[in-house]
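Here is a quick tour of the model for anyone about to load it into a viewer. Have a look at the chain, then read on.

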Amino acid sequence: MPIFTKLRNIYWQIRYTRNKNRKRKYYRHAADEKKRLILSGVDPEELRLFCRALSGCLNFHAEKHLANYLKAK
């Protein structure tokens, strides 16, 4: 999904940084990017499930829910 590349990068930074100030900064960037994507016409539920899957690299249940949602869509 090429429209989510910036969001993937932001969540990667959140997962792999240890500095709390930087994490807060990246969470603010993620919130701005989510708002921009919703305003551009992305499905909010798909975006929510995608961000949930990105937040933890081993969150298999979130990835499964996203796959089921995309399949039903």
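## Arg36 on helix 2

Arg36 has a relative accessible area of 45%, so it counts as partly exposed. You'll find Arg36 in helix 2. Bear in mind that this is a predicted model. Going from Arg36 to His65 takes you 29 residues along the sequence, and the C-alpha atoms of Arg36 and His65 sit 23 Å apart in space.

## The overall fold

So what is the chain built from? The protein has four helices and zero strands, and reading from the N terminus the order is simply α-α-α-α. The radius of gyration is 13 Å, close to the 11 Å that the globule rule gives for 73 residues, so the protein is as compact as a globular protein of that length. If you want a box for it, the C-alpha trace spans about 40 × 30 × 15 Å along its principal axes.

Contacts are worth a look too. Take those with a separation of 6 or more: 51% of them are between residues 24 or more positions apart.

## Surface and charge

The accessible surface comes to about 5400 Å², and carbon and sulfur atoms account for 55% of that. Buried residues, meanwhile, make up 27% of the 73 residues.

On the electrostatics side, the protein carries 18 positive and 6 negative charges. Average the positions of each set and the two means end up 10 Å apart.

## The nonpolar core

In soluble globular proteins, nonpolar side chains tend to be buried together. Here, the largest nonpolar core has 17 residues. Which of them touch the most other members? That would be Phe4, Leu7, Tyr11, Leu37, Leu47 and Phe50. The elements giving two or more residues to this core are helix 1, helix 2, helix 3 and helix 4 (60–72), and helix 3 gives the most, with six residues.

Leu37 makes a handy starting point for browsing the core. Setting aside neighbours within four places in sequence, Leu37 is in contact with Ile3, Phe4, Leu7, Val42 and Leu47. Of these partners, Phe4, Leu7 and Leu47 are also on the list of residues that touch the most other core members.

## Two residues of helix 3

Helix 3 covers residues 44–55, and Arg52 is part of it. Arg52 is at 33% relative accessibility, so it counts as partly exposed. Beyond four places in sequence, Arg52 touches Asn59, Ala62 and His65. Arg52 and His65 are 13 residues apart in sequence, with their C-alpha atoms 9.7 Å apart.

Is Ala53, the other pick from helix 3, buried or exposed? Ala53 is buried, because its relative accessible area is 13% and the cut-off for buried is under 20%. Leaving out residues up to four places away, Ala53 touches Ala62, Glu63 and Leu66. Ala62 is also among the residues that Arg52 touches. For a distance check, Ala53 and Asn68 are 15 residues apart in sequence and 13 Å apart in space, C-alpha to C-alpha.

## A buried threonine in a loop

Last stop: Thr17, which lies in the loop between helix 1 (5–16) and helix 2 (20–39). Thr17 is at 13% relative accessibility, so it counts as buried. What does Thr17 touch, not counting residues up to four places away in sequence? The partners are Arg22 and Lys23.

Notes: Residues are numbered from 1 along each chain as its sequence is written. This is a predicted model: local features need pLDDT of at least 70, side-chain atom pairs count only at pLDDT 80 or more; totals for chains, interfaces and linings use all residues. Side-chain values use heavy atoms; hydrogens and water are left out. Buried means under 20% relative accessible area, exposed over 50%, partly exposed in between (1.4 Å probe, protein chains only). Contact means heavy atoms within 4.5 Å. The radius of gyration is taken over C-alpha atoms; the globule rule is 2.2 Å times the number of residues to the power 0.38. Accessible areas come from the Shrake-Rupley method with a 1.4 Å probe; for residues, only the protein chains shown count as cover. Lys and Arg count as positive and Asp and Glu as negative; His and the chain ends are not counted. The place of a charge is taken as NZ of Lys, CZ of Arg, CG of Asp or CD of Glu. A nonpolar core is a set of buried Ala, Val, Leu, Ile, Met, Phe, Trp, Tyr and Cys residues joined through side-chain atoms within 4.5 Å.
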